[in-house]
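Student: Before any assignment is accepted, the criteria behind it should be stated. May we proceed term by term?

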Number of protein chains: 2
Amino acid sequence: MDFKTEMKERVSYIDEVIKRYLPKEEGFEKTLLSAMNYSILAGGKRIRPMLMLETYRLFGGEQVNEIAPFLAAMEMIHTYSLVHDDLPAMDDDDYRRGRLTTHKVYGEAMGILAGDALLNYSFEVAAQAFSGTMDISRVAKAFTVLTRKPGIGGMIGGQAVDVENCDRPMDKDKLDFIYLLKTGALIEGSMMIGAILAGAKDAKVEEIEEAGRKIGLAFQIQDDVLDVIGDEQVIGKPINSDEKNHKTTYVTLFGLEEAKKKVEILSLDALKVLEKFPKRNKFLEELVRYLIFRDK
Amino acid sequence: MDFKTEMKERVSYIDEVIKRYLPKEEGFEKTLLSAMNYSILAGGKRIRPMLMLETYRLFGGEQVNEIAPFLAAMEMIHTYSLVHDDLPAMDDDDYRRGRLTTHKVYGEAMGILAGDALLNYSFEVAAQAFSGTMDISRVAKAFTVLTRKPGIGGMIGGQAVDVENCDRPMDKDKLDFIYLLKTGALIEGSMMIGAILAGAKDAKVEEIEEAGRKIGLAFQIQDDVLDVIGDEQVIGKPINSDEKNHKTTYVTLFGLEEAKKKVEILSLDALKVLEKFPKRNKFLEELVRYLIFRDK
């Protein structure tokens, strides 16, 4: 089976898992539940749960159903961050993935509440793993990562710095901070949780964290590269929009060639980590290459 | 020591616990961390952690320091809900407890993010209990309640229905739903977590949940009563503002005398539950009476 077909199969599986945990749209609070489901069913590549699942397999995990609550939870956290990002007080976006954003359909108050509810519900869903058959201290460890990576030392921390600095020049330290936290943290967390739930030792989990960190950073720098070289039709936004917006990127700081080289080095480093574990996961390696060297 | 002095002591202790878990205001993300701390240090009666602590004592809990992460976490959840409630798209409030609301000081985007961060951080803080000395399955059970009660079947569910119906007439079922979920759920959850962490059996925890439910409902109905009979200076808002706003309350539905009677019955029922456990907690009983029969 080729990579694209395999990937499609994974996405369907993850979509099915997510649907299993969605709330039934009924009761007085039906509008809230519909807004949550609308947000999460807008589609998406399901990259974070996919990395979690494949890292779990890399470490020999076979009880895929046991980790299902964490797969769904991670995508809910990612989704809540998009719903709140799109709000008028933030990016003020009317469309995402070709559909109206949550607050455009349900109103701003419900957009705020749906995001809150998705974040809270993600932990509620993951907590179901405590009553599964997995070792409880393993679940507790994974849970701790799930609470930490989207938080102030992770995604929200990066998001807050991005919001404050989006129209100001930045140096490399601050840019790295935003890239590593805003995008990198959930990628690291997804891979770490996969490793932890498969029973990987702490030292291995740390190596996976480091690989995730490099993948997240490379992913973001590739975004900067695509902004300059991408074909407008392929990436779906005006080329060079970053430069027009006076946005600081890896390309504005170091030039196109240096930025490309950085993506290359980071991704090779990340792959080296993944390749050295006894049980190779070829799909995971291809997935990492696909995420980093994508053309949109 | 009289009740008011004892209560003040409890509030100081809880404030000290909360401060122990607050993030240091440093780094690129300093503004976000300041906004979180500003919100939680605005003061307040710390009712939810206090109910948690006293229910823990009711069941013989003595390792007060061990439950500290949950005390702080519950107040962070309550605080995030206030920060988001005050946003322009919600109640649009400029002041709370005599201070400017979070979004008035830090801007709307940071107000949204500070609320998100407080919710996420509450779970991060509570997860620290997994590495404490308490029995891990007990912590997991308490954690599960902490994820459930603020969620779609609890606080946010009630909040969403309130937002949708605040200017429409409602029947008793819908009003009860809002009261029980929006306010009751965190009170139930606080008391349940106290009981669970002290090692109470499931059947006892269910009785405590039922007592919390009655306390929460009585607390809200008393709010309706105070709106009609309260002295404007004492409760700090124009008397009878509910009627002016065409808001459905227990008083508009059943009249003042019936509403008062309902508060009386609910609180006596709740106290009956609390009084029947072998180790009485007189302070908890007084606290419940104080919360319900308050004059503001």
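Tutor: Buried means under 20% relative accessible area, exposed means over 50%, and partly exposed lies in between, with a 1.4 Å probe and protein chains only. This is a predicted model, in which local features need pLDDT of at least 70, side-chain atom pairs count only at pLDDT 80 or more, and totals for chains, interfaces and linings use all residues. Residues are numbered from 1 along each chain as its sequence is written, chains are lettered from A and ligands numbered from 1 in the order in which they are written, and side-chain values use heavy atoms, with hydrogens and water left out.

Student: Why is A:E54 called buried or exposed, whichever applies?

Tutor: The relative accessibility of A:E54 is 1%. The limit for buried is under 20%, so A:E54 counts as buried.

Student: What makes the contact of A:R57 and A:E54 a salt bridge?

Tutor: The term requires a side-chain nitrogen of Lys or Arg within 4 Å of a carboxyl oxygen of Asp or Glu. For A:R57 and A:E54 the N to O distance is 2.9 Å, so the criterion is met. Both residues lie in helix α3 (residues 47–58) of chain A, three residues apart, about one turn of the helix. A:E54 and A:R57 also belong to a network of salt bridges with A:E6 and A:R10.

Student: Which class of accessibility does A:R57 have, and why?

Tutor: With a relative accessible area of 27%, A:R57 is partly exposed, because this class lies between the limits for buried and exposed.

Student: How do you know that A:E257 and A:K260 meet in a salt bridge?

Tutor: Their N to O distance is 4.0 Å. Both lie in helix α14 (residues 256–275) of chain A. At 53% relative accessibility A:E257 counts as exposed, whereas A:K260, at 34%, counts as partly exposed. Over all chains, the search finds 42 salt bridges.

Student: What is remarked about phi of B:R46?

Tutor: Most residues other than glycine have a negative phi. Phi of B:R46 is near 55°, a positive value in a residue other than glycine. B:R46 is found in the loop between α2 (30–40) and α3 (47–58) of chain B, and its relative accessible area of 4% makes it buried.

Student: Which other residue has a positive phi of about 55° although it is not a glycine?

Tutor: B:D92 does; it is found in the loop between α4 (68–85) and β1 (95–96) of chain B. At 44% relative accessibility, B:D92 counts as partly exposed.

How values were computed. Helices (H or I, at least four residues) and strands (E, at least two) are DSSP runs, numbered from the N terminus.
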